[in-house]
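Let's take a walk through this one, from a single residue out to the whole fold and back again. Keep the viewer open as you read.

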Amino acid sequence: MSLYCRVIQTDDLQRILDLENRKLTEQYPDEMERMIAVWNSKHRIEALNHYIPLGWSFLAEDQESGALLGYFIAQPLLFLDGQTQTLWVEHVQFTTLQARDELCELAYKLGREKHLQRVYFPSDNGVPNSVKGFKPATWEPGTLAVKTTK
């Protein structure tokens with residue numbers, strides 16, 4: 001399968017919400033449990049409306065079918081934890097391991113290309129498996145820090 005990664009556009013919002021709803025339905029068959037899970041999720045509409053216009057969030061599509069296979073939402077932060085510039089990856093979602101791995105690698109490479117000192121990843125949803133080659137360190141509970149400069 002060939003993946004194509006690109007910056008998320010406002011027009012992609014419904015596709016992202018549809019993907020998240022499918023994932024939540026798999027995880028929480030009960031509608032009430034699903035509603036409660038949405039309230040505490042990182043992909044709430046308010047979060048997506050904040051992150052998407054910033055231009056640092058990416059999605060992965062199947063090049064042939066155009067199907068959405070995953071995405072991450074992120075933003076640059078200044079002067080976090082003594083670093084001048086960092087990339088904060090708030091949430092990573094995917095339907096294939098290939099999409100997860102390529103999106104995490106893309107976030108890391110984006111940090112390097114833009115000369116950011118670190119990329120912070122959430123340490124859930126299989127992300128630690130994708131970033132282990134970048135020598136991550138636990139920063140805070142639930143967050144991994146990856147250095148992008150020497």
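Leaving aside neighbours within four places in sequence, which residues is Tyr-120 in contact with? Before the answer, a word on ground rules. This is a predicted model, so to speak of local features a pLDDT of at least 70 is needed, side-chain atom pairs count only at pLDDT 80 or more, and totals for chains, interfaces and linings use all residues. Residues are numbered from 1 along each chain as its sequence is written, and side-chain values use heavy atoms, with hydrogens and water left out.

Now for Tyr-120. With contact meaning heavy atoms within 4.5 Å, its partners are Leu-80, Asp-81, Gln-83, Thr-86, Leu-87, Trp-88, Val-89, Trp-139, Thr-143, Leu-144 and Ala-145. Tyr-120 sits in strand S5, residues 118-122. Its relative accessible area is 0%, so it counts as buried; the cut-offs are under 20% for buried, over 50% for exposed and partly exposed in between, using a 1.4 Å probe and protein chains only. One of those partners, Leu-144, is 24 residues away in sequence, yet the two C-alpha atoms are 5.6 Å apart.

Another of the partners, Leu-80, belongs to strand S3. Besides Tyr-120, Leu-80 touches Thr-86, Trp-88 and Trp-139, again not counting residues up to four places away in sequence. Its C-alpha is 9.6 Å from that of Arg-118, which is 38 residues off along the chain.

Step on to Asp-81 and you reach the loop between strand S3 (68-80) and strand S4 (83-94). Here the backbone is worth a look: Asp-81 has a positive phi of about 55° although it is not a glycine. In general, most residues other than glycine have a negative phi. With a relative accessible area of 42%, Asp-81 is partly exposed.

Where else does a positive phi turn up? Lys-135 also has one, of about 55°, and is not a glycine either. Lys-135 is in the loop between helix H5 (127-131) and strand S6 (137-140). At 73% relative accessibility, Lys-135 counts as exposed.

Strand S6 itself is where you'll find Ala-137, which is partly exposed at 41% relative accessibility. Beyond its neighbours within four places in sequence, Ala-137 is in contact with Thr-143, Leu-144 and Ala-145, and those three residues are also among the partners of Tyr-120. For a sense of distance, try Ala-137 and Ile-45: they are 92 residues apart in sequence and 30 Å apart in space, C-alpha to C-alpha.

Over to helix H3, residues 45-51, where Tyr-51 is found. Tyr-51 is buried, with a relative accessible area of 7%. Leaving aside neighbours within four places in sequence, Tyr-51 is in contact with Ser-57, Ile-73, Ala-74, Gln-75, Trp-88 and Glu-90. Ile-73 is 22 residues away along the chain, with 6.0 Å between the two C-alpha atoms. Trp-88 also appears on the list for Tyr-120.

What about the cysteines? A disulfide is a covalent bond between the sulfur atoms of two cysteines. With the cut-off for a pair of cysteine sulfur atoms set at within 2.5 Å, the structure holds zero disulfides. The sulfur of Cys-5 has its closest cysteine sulfur in Cys-104, and because they are 11 Å apart, that is too far for a bond. Cys-5 is partly exposed, with a relative accessible area of 27%, whereas Cys-104 is buried at 1%.

Time to zoom out. The protein has five helices and seven strands, counted as DSSP runs numbered from the N terminus (H or I with at least four residues for helices, E with at least two for strands). From the N terminus on, the order is β-α-α-α-β-β-β-α-β-α-β-β.

For overall dimensions, the C-alpha trace spans about 45 × 35 × 30 Å along its principal axes. With 150 residues, a compact globule would have a radius of gyration near 15 Å, and the protein agrees, at 15 Å. That radius is taken over C-alpha atoms, and the globule rule is 2.2 Å times the number of residues to the power 0.38. Buried residues make up 45% of the 150. Of the contacts with a separation of 6 or more, 62% come from residues 24 or more positions apart.
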